[in-house]
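Subject: Structure for you to look at

Hello,

Here is the structure I said I would pass on. Please open it first, then read my notes below.

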Amino acid sequence: MVQPPKVFSVLGIPVHVMSNYPGWLLQCLQQKQGAHVVTLNAEMTMQAQQNTSLAQVIENAELVIPDGAGVVMYLRWLFWQKVQRCPGIELAETLLQEIGQQQTDKTIFFYGGAPGVATQAATYWQQKSPHLNIVGTHSGYHSPEEEQQLHQILTQLQPQVILVGLGVPRQELWIAQNRHLCPQAIWIGVGGSFDIWSGTKNRAPAWLANNNLEWLYRLYKEPWRWRRMLALPQFAIKAFIYRLTTKSAT
């Protein structure tokens with residue numbers, strides 16, 4: 001039995017801390033308990049400050065993991081938690097590997113990315129883990145009519161794990177709006193993971209990721225991100241002030 005996660009607040013947004021996120025999700029699969037997994041970083045936290053709908057979705061999610069370095073450092077420095085960063089792509093990879101080895105009866109669905117990307121990502125995983133049962137894929141670019149068809153497909157197939165790569169906050173809002181289609185499924189927002197698995201893009205070198213500098217690699221590869229990166233110093237300042245205010249009030 002996997003211990004339930006501890007819950008901490010980062011700028012009023014819940015974050016779940018535990019040692020075995022994949023094990024907790026595998027347990028949910030075995031018990032047929034649906035869950036929405038949010039991969040929280042500083043940028044998403046700042047978006048939630050301005051977007052009440054996103055904040056509500058995160059608060060209602062069954063599992064919010066510390067994906068970003070800023071969130072991890074907040075938990076370490078201000079809550080004295082021995083927490084490790086859990087990138088969403090790595091959580092998804094571990095979960096898929098475990099399912100392919102232990103729970104081959106479980107079905108998977110990939111939704112998101114440019115046309116063909118989710119299919120290429122599925123092909124990569126079928127080669128990597130032949131026993132993995134990926135029952136369908138769907139592009140994130142489609143008409144309203146095609147989205148209705150997607151709803152019908154999900155309702156019919158009832159996949160037990162649904163990976164959604166639409167970017168933040170679209171994927172979180174979409175999952176919250178459509179969880180009722182597959183109430184027993186594990187839904188995970190995986191951002192650009194399909195691009196990585198399909199070979200369309202590359203992850204940051206390990207030495208950058210290990211030193212909490214993955215954001216720098218993303219900025220180098222995609223300079224247009226600079227406006228979004230302004231959320232990082234804003235998060236640091238606001239988190240520090242928030243924690244000081246909270247302490248003084250107690």
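Helix α1 (residues 21-30) lies across β3 (35-40), β4, β7 and β8 (186-189). Relative to β4, helix α1 runs at about 165°. Keep in mind that this is a predicted model.

The strands just named belong to an open sheet of six strands in the order β4-β3-β8-β7-β5-β6, with parallel pairing. Its edge strands are β4 (63-66) and β6 (133-138), each of which pairs on one side only. From one strand to the next, the twist averages 20°. In general, strands of a sheet pair through backbone hydrogen bonds.

Strand β3 is worth following residue by residue. β3 runs parallel to β8, joined by three bridges, and valine 37 has isoleucine 188 in β8 as its bridge partner. β3 is also parallel to β4, with four bridges between them; here threonine 39 stands opposite isoleucine 65.

Is β3 enclosed or open to the outside? Six of its six residues are buried, so β3 is largely enclosed by the rest of the structure. Ala35, Val37 and Thr39 point one way, while His36, Val38 and Leu40 point the other way. This fits a general rule: in a regular strand the side chains alternate between the two faces of the sheet.

Elsewhere in the sheet, β5 (residues 107-112) and β7 (residues 161-165) pair in the parallel sense over five bridges. Phenylalanine 110 stands opposite leucine 163 in β7.

On the surface, Val135, Ile153 and Leu157 make a nonpolar patch of about 190 Å². Isoleucine 153 sits in helix α7 (residues 144-157) and is partly exposed, with a relative accessible area of 33%.

Regards

Terms used
Residues are numbered from 1 along each chain as its sequence is written. This is a predicted model: local features need pLDDT of at least 70, side-chain atom pairs count only at pLDDT 80 or more; totals for chains, interfaces and linings use all residues. Side-chain values use heavy atoms; hydrogens and water are left out. Patches are made of residues with over 30% relative accessible area and no salt bridge: like charges are joined within 9 Å, nonpolar side chains (Val, Leu, Ile, Met, Phe, Trp, Tyr) within 5 Å. Accessible areas come from the Shrake-Rupley method with a 1.4 Å probe; for residues, only the protein chains shown count as cover. A salt bridge is a side-chain nitrogen of Lys or Arg within 4 Å of a carboxyl oxygen of Asp or Glu. Helices (H or I, at least four residues) and strands (E, at least two) are DSSP runs, numbered from the N terminus. Buried means under 20% relative accessible area, exposed over 50%, partly exposed in between (1.4 Å probe, protein chains only). Two strands pair if DSSP finds at least two bridges between them. Axes are lines fitted to C-alpha atoms, for helices over the stretch in contact, and angles run from 0 to 180 degrees between N-to-C directions. Contact means heavy atoms within 4.5 Å.
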